[in-house]
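Visitor: I'd like a close look at one part of this model, with the aromatic rings included. Could you walk me through it?

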Amino acid sequence: RTRLTAPASAGSLARTLGSTNHHLMTTTIFGTSRSRAFRVLWAAKELGMPFDHQPINWQTCGSSPDYLAINPAGSVPCLKEDDFVLAESLAINIYLAKGHTGLWPSSTQAQAVALQWSFWAATSLEEPYVRWALHTHWLPTSLRDTEAAKGALNDLRRPLTRLEAALAGSEWLVEDRFTIADLNVASVISLLNGPSIADWPGVHRWLSACVQRAAFKAAAALP
């Protein structure tokens, strides 16, 4: 996701940083939806939780003194609740899922499997997907390389085949219902569709169901 939005104003960040009334403070999610903050916004929408959204630009957040005072890593997404600050999208989503009803699996083993799929998406799926998306969607047409896109899709074959096997005979990845496992994995490959995943009909069915969810659409509509 590379379409950029205007960064949050220094004044709004300063107000968020300087708030001291814990009864009035709301959860704040930093980061434009055109970044990895999208998966956090999607999770928040699925959970129906109130939050303030600061759509700070992922390319400039590292140079904002106000934002660096909140998140010294200078990256998005970031979540702030009262005096608690958490960075890294998967860590935030796991925290939100565990703290609210709806996305966190019920059994200890199912919770472990949800973590497995979340970490697998980040380590095995995201890198070739990003290369594919760059050369099919994100880069200007003049900079796209068809061969690079084909190579990336070829590198996706192994992880997509594993995902296909996991979805055989099951609508979702864990506990026969939509959980944080589905959200974290689907958020990594949300642009794959049609001919790109024709060889993996189970993945196509599952991913289509994920991106048609009302919460996905609501998060995608955010700046």
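Visitor: What covers the buried residues of helix 4?

Guide: Keep in mind that this is a predicted model. The cover over the buried residues of helix 4 includes helix 2 (37-47), helix 5 (108-138) and helix 8 (180-186), along with strand 3 (78-81) and strand 4 (84-87). Helix 4 itself spans residues 89-99, and its buried residues are Ser89, Leu90, Ile92, Asn93, Ile94, Leu96 and Ala97.

Now for the rings. Searching the whole structure turns up 10 aromatic pairs. One of them joins Phe84 and Tyr95: the ring centres sit 5.1 Å apart with the planes at 45°, so this pair counts as tilted. Since Phe84 belongs to strand 4 and Tyr95 to helix 4, the pair ties together parts that are 11 residues apart in sequence. Both partners are partly exposed, Phe84 at 34% relative accessibility and Tyr95 at 33%.

Set beside that the pair of Trp172 and Phe178, whose centres are 5.4 Å apart and whose planes meet at 80°, so the pair is edge-to-face. Here the rings belong to buried residues: Trp172 has a relative accessibility of 8% and Phe178 has 7%. Trp172 and Phe178 are also members of one aromatic cluster, together with Phe38, Trp42 and Phe216. Phe178 has a charged partner as well, as Arg213 lies over its face at 3.8 Å from the ring centre. Elsewhere, Arg162 lies over the face of Trp117, 4.9 Å from the ring centre.

How values were computed: Residues numbered from 1 in each chain as written. Predicted model: local features only at pLDDT ≥ 70, side-chain atom pairs only at ≥ 80, totals over all residues. Heavy atoms only, no water. Buried < 20%, exposed > 50% of the residue type's maximum accessible area, 1.4 Å probe, protein only. Helix = DSSP H or I, 4+ residues; strand = E, 2+ residues; numbered from the N terminus. Contact = heavy atoms within 4.5 Å. Phe/Tyr/Trp six-rings, centres within 6.5 Å; stacked < 30°, edge-to-face > 60°. Lys NZ or Arg CZ within 6 Å of the ring centre and 35° of its normal.
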